[in-house]
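User: Could you take a close look at the metal site in this one and walk me through what holds the ion?

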Amino acid sequence: MTNRKSELETLRADLKARLARYEAHQRREDGALEKDFEEQATQTQNDEVVDSLETETRDELSQIEHALERIEHGLGDSCESCGEPIDPRRLQVLPYTTLCVDCAGD
Ligand SMILES: [Zn+2]
């Protein structure tokens, strides 16, 4: 459980760093992503990709925050939907999950 918590905290830090890079890109603070693209059209396409990556990362981040909150409250090992314990092997593979395999449907 302590391992899972620190794993999630590491993951959270990674995602925050990634978000900061996406945001810098969107504000054109970082030219690194641009230099390979010659056409304005490609740049726009790239913006859309970064946009969707950013949305994805935000979703992941809020999932992690949520899982960490449940761990803080001592609920990290129980399914949020049915209250049954979550299989530890599942938590190992998906440390940010808050649902058991039955409720998640995967
Ligand atoms: Zn469940």
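Analyst: Here's the zinc site, piece by piece. This is a predicted model, where local features need pLDDT of at least 70 and side-chain atom pairs count only at pLDDT 80 or more, while totals for chains, interfaces and linings use all residues. Residues are numbered from 1 along each chain as its sequence is written, and side-chain values use heavy atoms, with hydrogens and water left out.

The zinc ion gets its protein donors from Cys79, Cys82, Cys100 and Cys103, each through SG, at 2.2 to 2.3 Å. Donors here are N, O and S atoms within 2.8 Å of the metal (3.2 Å for Na, K and Ca); water is not among the atoms, so sites may look incomplete. Along the chain, the donor residues follow the spacing C-x2-C-x17-C-x2-C.

As for geometry, the four donor atoms subtend angles of 105 to 113° around the zinc ion, so the arrangement is tetrahedral (four donors, all angles between 85 and 135 degrees).

Two of these cysteines are worth a look for burial. Cys100 has 8% relative accessibility and therefore counts as buried, whereas Cys103 is partly exposed at 33%. The cut-offs are under 20% relative accessible area for buried, over 50% for exposed and partly exposed in between, with a 1.4 Å probe and protein chains only.

UniProt, in an unreviewed entry, lists residues 79-103 as "zinc finger region: dksA C4-type"; such annotations may be inferred rather than shown by experiment, and positions are given in the numbering used here, with feature names shortened. The end C-alpha atoms of that span sit 8 Å apart, and the span is 36% helix and 0% strand (DSSP runs: helices are H or I, at least four residues; strands are E, at least two).

Conventions. Four donors count as tetrahedral if all angles lie between 85 and 135 degrees; four count as square planar and six as octahedral if opposite donors are over 155 degrees apart and all others between 65 and 115; anything else is irregular.
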